[in-house]
Amino acid sequence: MNNAVNNGVWSGSWVAERLGVQLVGDDELTQMLGLALRRNPKRAHLLVSHVLGKHVPQSPSVVYGAGFALGRRVRDLLGADEAARAVVLGYAETATGLGHSVADGIGLAPYLHSTRRPVAGVARAGGFEESHSHATSHLLLPEDPALLVGDGPLVLVDDEFSTGNTVLNTVRDLHSRYPRRRYVVVALVDMRSAADAGRLEEFAREIGARVDLVAAASGTVRLPEGVLEKGQELVARYEAESASEGGSSSAASLGLVAPRGGAAYRHSPAPPSSGVAVEVGREGNPPGARGCVESAATAARARPAPTGPHPDDNRTHPHLTRIDLHWPPGLPDGGRHGFTPAHRTRLENALPTMTARLAEALPADARSVLVLGFEELMYAPLRLARELEQVVDAEVRYSTTTRSPVLAVDDPGYAIRTRLVFPAHDDPDDGPGERYAYNVAGAGFDAVIAVVDSAADTPELHAPEGLLAQLAAHTPHVLLAVVPSYVPGPLAIPERHPMLPEPLRGPAFSSYAPEEVGWLLQDLSDVTLEAPTEEREEAIQSGGAHYAESLPVEYQPSEQYQALFHAALEESAARLAQAAGAVTEIVLAERSPRPVLVSLARAGTPVGILMRRWAQFRHGLELPHYAVSIVRGRGIDANALRWLAAHHDPRDVVFVDGWTGKGAITRELAVALEEFEKSDGITGFDPEIAVLADPGSCVRTYGTRDDYLIPSACLNSTVSGLISRTVLRADLVGPHDYHGAKFYRELAGADVSVAFLDAVSARFPEVVDAVDATAKELLSGDRAPTWEGWAAVERISEEYGIHDVNLVKPGVGETTRVLLRRVPWKILARAGAGADLDHVRLLAEQRGVPVEEVAELPYTCVGLIHPKFTRGATGADGKAVNV
């Protein structure tokens, strides 16, 4: 029964004869595939693989060998270097074990499979649709989002490559979030039609990436006209016949279920197909000690089993034996949240002991054993079955339960001979429903080992109509092994002593010289925090998450954009030098003769360094300079304030930022310092921010109120010392911790942080007179904030039907941020604005964002975010704005 061709009868002939379906292609196809019918409005036929281990019990060595051999071919295709950087993604539910086996064959590739089981507390890193599947929606829930962020090859594994739609949907979704240069599609069979054959290559050209295909066999299914309707009629007729014969949905619907002792068929060994399902030799396999397993199993048969039946098991099922595998603590049960090479090593080391426990629990006279996995839980049962096959005398077969309803017909020319029906037993998100096990009833197995995860070890599993009872009706011995369901926990961060640490400094943290700035932050460089813009925003809205709990993926500019940056820097360096000098002179005159500069990370940091350099250049002062975190909706880092108060007079502290937009951070700082004074009793911190440019008229201390391009706004970390935006997340930042940030050392080749500072500082000598004149004029003039920027933002918000000022980002700097980090709706540009907006126009063109010229605009430009287009647009509290 395990062969697609059994006693000269192909297991697809029944469908082929009745519907005119033809399977054409490589000679291996009919050895690998049979045909069945299913109740599906989009595709009547089902290709039933005999080397996958899903619907047809098969030798686990054949199943594992098929995937492992494909992995070896991928490794040869990529070469050693590329293979070492590859990530493997398998499809739920059918290809989860196949994908994992491919990852093993590649070698050191981490593995992730999609899932249809949402997991509370685990954020989505993507999703896509499988249009022809019984259950179409796939989720990606990696514990470490960095698994999908790298630029190494992504290997996508499915059991069949039919139309290509699933792969295109996947690549389209992932490439928009995590672009990379190369993809490899892997399948047991490539069954695309001639019409579909060119779509993958065309799509690859469209996205500018290379896409390779590796398959064990290829061909196509020829479907006559009207086959879908004919198939549905055929399924309906057999369903009606089954119902009229008394078949019940719990035991025999859609097929024949043979009673124990009256098997409808007897399974037979399946020799591997040529070039496809070759059993992998021990040299090519992951490390394992067969001799140790044999010895342990032999010794175990001579003594009683250490784990007896669960107290409730024997009462309900007199032939059920529960096996304690001693699964390694913390080892994932599969790739739902990612499976790394380190996980693989732990599993390999534990397999001999776990296999021995299975072997000792089997009845001594068992000659035919089935290891039955559970839906997406395919790999762990497969590896256990494969090891068991090598240490016991019994014939071992492997298959898994499934969500997919398929018609069962007890005919040698049909691939699904029998079907067990039982209720779902893992509290699925889509509610209760039927689940199935195919070709198990009547197969004559002496024992069945059901392997489920702990989330599925429920009363429904043990119920009178449950899976275990259904199995007990067809085999004398049912054994149950439960693998702990792995759910990612919070990232472990070591506790710190309440004494606050000294500031971080370059080159260990940031590309700035150590004397330029001290960062009152904690280094989270080893923690993966990045997620694409759209995914971050969706997570923010779906869970009320705060924007500071994750980081956007760093934007790396094109050569054209970099050229604009350098041209803008050359053009504006003198203007920036004059503003930096002027604001520094005002601080020295009004705030303190020896101020302590405290930049608001990260946009304020380059400005703080320029102010420090001006004080040194013009007055010979070595001013202390620090960078601290302030988070909209959460306030300023209180621990950083405590450190500052312990080392400096708070009255000397001057908070520095790059520019103002509508003044949100100005207000945030004032409120936060007031709350800090109440909570800690420390006074003296002045909420007045010093900025390079104040186009919103929000502060008194500034170098200019013109809205012009400050080139440090054009880039992200590569103009800010390679430091990320700051992070505030409860599992990473404790009560005695500074807020966090990352140091992107890997971007050193693109770093222009020091070059930006040097270009501006080089203009200091030529702007001395202009600085003196500007400072004198500002010091004698009326600099009281008018908040005209806020008023303009309110007007624009209403005029454009947005009705939320938090979605209006005024000024060149804020507009640039919108284009780099958010999902913009449109850009408003002052009519006649010149080179200051060249980079904005380029970014807008690249992202397909319209630029609308406006005659009366108090800013050079304004970026608009609309909730209709950006579901995670954040308000004043940093959380989602719901409209």
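## Helices on the open sheet

Let's start with helix α12 (residues 379-389), which lies across β14, β15 and β18 and runs at about 175° to β15. Keep in mind that this is a predicted model.

Those three strands belong to an open sheet of 5 strands, and going across the sheet you'd meet them in the order β13-β19-β18-β14-β15, with parallel pairing. The edges are taken by β13 (320-323) and β15 (395-400); each has a single partner strand, so one side of each has no neighbour in the sheet. On average, neighbouring strands here are turned by 20° against each other, direction ignored. Helix α11 (residues 341-361) packs on this sheet too, touching β13, β18 and β19 (478-483), and its direction makes about 160° with that of β13.

## Inside the sheet: β14 and β18

Want a pairing to look at in detail? Strand β14 (residues 368-373) and strand β18 (residues 447-453) run parallel and are joined by 4 bridges. To find your place in the pair, look for L372, which stands opposite A450 in β18.

## An antiparallel pair: β16 and β17

Strand β16 (residues 419-423) and β17 run antiparallel, with 5 bridges joining them. One handy landmark is F422, whose bridge partner in β17 is R435.

Is β17 mostly covered or mostly open? Strand β17 (residues 434-438) is mostly covered, with 4 of its 5 residues buried.

## Two crossing helices: α16 and α17

Further along the chain, helix α16 (residues 559-590) meets helix α17 (residues 604-619): their axes come within 9 Å and cross at roughly 75°. That angle falls in the 65 to 115 degree range, which makes α16 roughly perpendicular to α17.

Which residues make the contact? From α16 it's A580, G581, V583, T584, E585, V587 and L588, and from α17 it's L610, M611, W614, A615, R618 and H619. Sorted by character, the residues of this contact come out as 8 nonpolar, 3 polar and 2 charged.

## Cysteines

If you're wondering about disulfides, a search of the whole structure finds 0 of them. As a reminder, a disulfide is a covalent bond between the sulfur atoms of two cysteines.

Are C698 and C861 buried or exposed? The cut-off for buried is under 20% relative accessible area. C698 has 3% relative accessibility, so C698 counts as buried. C861 sits at 0% relative accessibility and therefore counts as buried as well.

Notes. Residues numbered from 1 in each chain as written. Predicted model: local features only at pLDDT ≥ 70, side-chain atom pairs only at ≥ 80, totals over all residues. Heavy atoms only, no water. Buried < 20%, exposed > 50% of the residue type's maximum accessible area, 1.4 Å probe, protein only. Pairing = 2+ DSSP bridges. Axes fitted to C-alpha atoms, helices over the stretch in contact; angles between N-to-C directions. Parallel < 35°, antiparallel > 145°, perpendicular 65-115°, else oblique. Contact = heavy atoms within 4.5 Å. Nonpolar A, V, L, I, M, F, W, Y, C, P; charged D, E, K, R; others polar. Disulfide = S-S within 2.5 Å.
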